[in-house]
Amino acid sequence: MHSPTASSLRWTGVFLLFTAFCSLFTPAVMVKHENFKTCDQSGFCKRNRAYADTITQSSHWKSPYDLDSKSITFENGQLSGTILKTVGKAGETVRLPLTVTFLESGTARVTLDEEKRQKGDIVLRHDSKARKERYNEASKWAIVGGLKISSGAALSRETEAGTTKVHYGPAGKYEAIIHHSPFSIKFKRDGETQIKFNDRGFMNMEHWRPKIEKPEPKEGEEQPLETAEVTGEDESTWWDETFGGNTDTKPRGPESVALDISFPGYEHVYGIPEHASKMSLKETRGGDGNYNEPYRLYNADVFEYELDSPMTLYGAIPFMQAHRKGSTVGVFWLNAAETWIDVVKSKSGSNPLSLGVKSAVDTQTHWISESGILDIFVLLGPTPKDISQTYGELTGFTAMPQQFAIAYHQCRWNYVTDQDVMDVDRRFDKHKIPYDVIWLDIEYTDGKKYFTWDPLTFPDPKKMHKQLQKRERKLVTIIDPHIKNTDKYNVVDELKSKGLAVKNKDGNDYEGWCWPGSSYWVDCFNPASITWWKTLFKYDSFKGTGPNTFIWNDMNEPSVFNGPETTMPKDNLHYGNWEHRDVHNLNGMTFHNATYDALLERKKGEVRRPFALTRSFFAGSQRIGAMWTGDNLAEWSHLAASIPMILNQGISGFPFAGADVGGFFGNPSKELLTRWYQAGAFYPFFRGHAHIDTRRREPYIPGSPYTEIITQALRLRYQLLPAWYTAFHEASTTGAPIVRPNFYVHPGDDKGFEIEDQLYIGSTGLLAKPVVAEGADSVSIYIADDQPYYDYFDYTTYSGAGHHTIKAPLEKIPLLMQGGHIIPRRDRPRRSSSLMKWDPFTLVVVLDKAGNAEGTLYVDDGETFDFEQGAYIHRRFQFDRATKALTSINIGGTGAKTAAWHKTMSKVRVEKVVIVGAPGEWKGKTEVVVSEEGAKESARKKKVEFTFHSAQGKKAAWAVVRDPKVAVGKGWKIDFS
Ligand SMILES: *[C@@H]1O[C@H](CO)[C@@H](O)[C@H](O)[C@H]1NC(C)=O
């Protein structure tokens, strides 16, 4: 969910809200561009772009920012100094304190503040109660680690006038070369410049200045010149700005912060979600096939969003990486205010003969934020995995979800009664279709009052829970941040009496419109709000919920139907009197965070991993839960667009991502629905969802053969849950994406840097290419290396770098296994993932060219935090050509709960081993020898049945070891010699 459509508003009886939405009666599905600003309509963006244009067009431009050489100090891995910004003709300067901090991880952090605001030495207009400083608390929310200072960073002994050089990073191989006048920085690795700050001179920190009120011109007198005409600056958007009838009072005047960041020799940049755009970001300054608008980050409820667009969406991660053959670097622009990013590419200035692996193209970016301090992290890689790891150390890794959360979720707006929920549940069972979670959208509440149930439609939630519990299924209910302004509702009474609502610019509770009509918004920047929020989720407070209820946070951008750009006024005030302007992009994360904390404390002594889905997010949201890509459309183009969006989430540190399967708005054809399930089976977050105006489309609805084909896709997801869970574990410990684009897996393959329509699952070697075109009966899959790739289902072999055609009639999911991997599965079909807890495993050993393979498996209880005390199994399986043996090796640590968990799992075995690409010399072999650690003497070496299947045409030879009866948590060996 969702933005209101006319009919849904009618349905909910609050259609009086908005006459503007009447236009939605027209069938055309189109984003309302006029509701959202272009750069030209966003004063600070326009000013900074104009500034950049002036500089580009001038032949004698000198940036007015100089680092005062005398101010520089270097102590404990940190360089400090003052940048002087020259303003006006008289050489007057503004003082901007600078720090450059060198971290143990090899990351450099650059901050810049403004002394006058820092000291509170400014005057706010309109008697505003807002804080005077530039916002400096984004790191408080986003950063959880990785800040250890480098002990090795040191000033260079070489001295050059006007330059300061610092050696840092692993073995001191990184350098930061800080040029004083004008101020700029070059970051080098191995002697080569990777990233440049202010190379083009676009750096801009709009300093505080008082508004000079012009006297009213007297009758007959000539109009005095506008200040702008004297100074050449465009003042028109400095003091207030009106958009769509809303006026932003801007009590602190202009305060934007901007910088150009260049990546010499890098042709591709990725990241800065969330946009429905290409994974490899496009240029934004016009020209053939390029955008004319910068990428925008201003979390918003964009209704019926358009594809291939730099328009903002629901979440923001201001983290970008640049990639070329052999090198990946990144910048994390830690700012929570509205932000725009221009991207241009130009022919590299370097001598083409000396380029080596560098691209002949430079990428230049221009970052522009409305307010706040400048705070940038520079990551020098050199691999995509290094980037994920260092970024993850800073902002946190993906929270390890409960196992059910990575299985299939069934949602729609709305399952209308508790009987309806139970009926859907029964029909899944009747058709033997697995699912784990059923979801309730806003209509379950009593009149959109969260934490209540509609007494007519959901009279007996307990009974509903009881039925779901039979298959250990879960329920997710929606809880949004807008609290209905109504009588006899304890939640709103408490919100107001405790003073926990977001305030308007005058310091009174801000009132706006959302689903319930008139509403207030809980301000989760306030620690007291989190404390209060926790009380609302207790089982005796949110009656009718239990341990199997989880939460969905929607509309947390926040969405405000009558607010500017469907959100809050920027001059609203949050906890600490920070303006909404400063914290907007963090807002969704703070609400999601409060929900997570609340789920942890529903009942004393009950500790389960929370599950909370969010629509709005920021850097760090991965620590809390999952996201989805919001209100997409039931169209083939939206199915296709979901793949690059989800891949981009993964490389941007928030990989637990999915898109609404089937498309939110509209009715998918049966073919589209089927193909969407086949693609959704590869989304880390896998949920079917639909708008209230759509027809029912649960997997059992379309009928034969669609229902059977969808069921197969769901079963494939369940079969591969051990592989998915292992990939989640990897994400939660290394930051690696759960689904990975080609460049991430093959960073040296420059032909694959733009590939965004196929995905690798974790480190499993599974490569999926979902069908996203109507009527398609084949796909062209790209293989980057010279390993054999085998069809997952029939072992057809595809070898050789380049494109290969895979036949893909409706029932076929194009899925390959890269040689060299061992894939864990659970093959017994069950009705929910919880019911698979004690099922045996199958291992698929996929041999590489040389005849070797390896893979890992991570298993824990899928529910509690006991894994933090060692209650898990972590194995590496290895098939070695030389010794002709498959072995299982422990790679887990131990803790207080390890032994008990291993005991619990002692009966869970490996029931089958399949070897794909089996060597021909095994023909005629009928048994293999299995040995297990700790087995009784008599059973130490047992013979087990073996069958070999010769290659047939393109289908590889394969072999099966039938029931080796080895425990999955133990060390063992299968000898094929
Ligand atoms: C949520 O916010 C609180 C308060 O800032 C913090 O202590 C906690 O660690 C956050 N939770 C997560 C999961 O980041």
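Domain bounds here come from an automatic or database domain assignment. The model is predicted.

**Domains.** Colour the chain by this assignment: domain 1 takes 1–30 + 479–608, domain 2 takes 43–395, and domain 3 takes 744–975. Then place a marker at the C-alpha centres of domain 1 and domain 3, which lie 45 Å apart.

**Helix 2.** Next select residues 43–57, which form helix 2. Its end C-alpha atoms are 21 Å apart, in agreement with the 21 Å that 15 residues should span at 1.5 Å a residue. Show side chains for Gly43, Phe44, Cys45, Arg47, Asn48, Arg49, Tyr51, Ala52 and Ile55, the buried residues of this helix. What covers them? The cover includes strand 1 (65–67), strand 11 (204–205), strand 12 (241–243), strand 14 (257–263), strand 19 (339–347) and strand 20 (361–369).

**Val100.** Move to strand 4, residues 92–102, and pick Val100 within it. Is Val100 buried or exposed? Its relative accessible area is 0%, so Val100 counts as buried. Leaving aside neighbours within four places in sequence, Val100 is in contact with Gly77, Gln78, Leu79, Arg109, Val110, Ile178 and Ile185. Now add Phe377: it is 277 residues from Val100 in sequence, yet the two are 9.6 Å apart in space, C-alpha to C-alpha.

**Cavities.** Finally, turn on a cavity display. The structure holds 11 cavities of 30 Å³ or more, and the largest has a volume of about 80 Å³. To find the largest cavity, select Tyr135, Ala138, Leu334, Asn335 and Ile373, which lie nearest its centre among the 14 residues of its lining. By class, that lining has six nonpolar, five polar and three charged residues.

Key
Residues are numbered from 1 along each chain as its sequence is written. This is a predicted model: local features need pLDDT of at least 70, side-chain atom pairs count only at pLDDT 80 or more; totals for chains, interfaces and linings use all residues. Side-chain values use heavy atoms; hydrogens and water are left out. On a 1 Å grid over the protein atoms alone, a cavity is a set of points where a 1.4 Å probe fits but cannot get out, and a pocket is an open set with protein on both sides within 12 Å along at least five of seven lines; lining residues have an atom within 4 Å of a point. Grid points are joined across faces, edges and corners, and a volume is the space filled by probe spheres set on the points. Ala, Val, Leu, Ile, Met, Phe, Trp, Tyr, Cys and Pro count as nonpolar, Asp, Glu, Lys and Arg as charged, and the others, Gly among them, as polar. Helices (H or I, at least four residues) and strands (E, at least two) are DSSP runs, numbered from the N terminus. The expected span of a helix is 1.5 Å times one less than its number of residues. Buried means under 20% relative accessible area, exposed over 50%, partly exposed in between (1.4 Å probe, protein chains only). Contact means heavy atoms within 4.5 Å.
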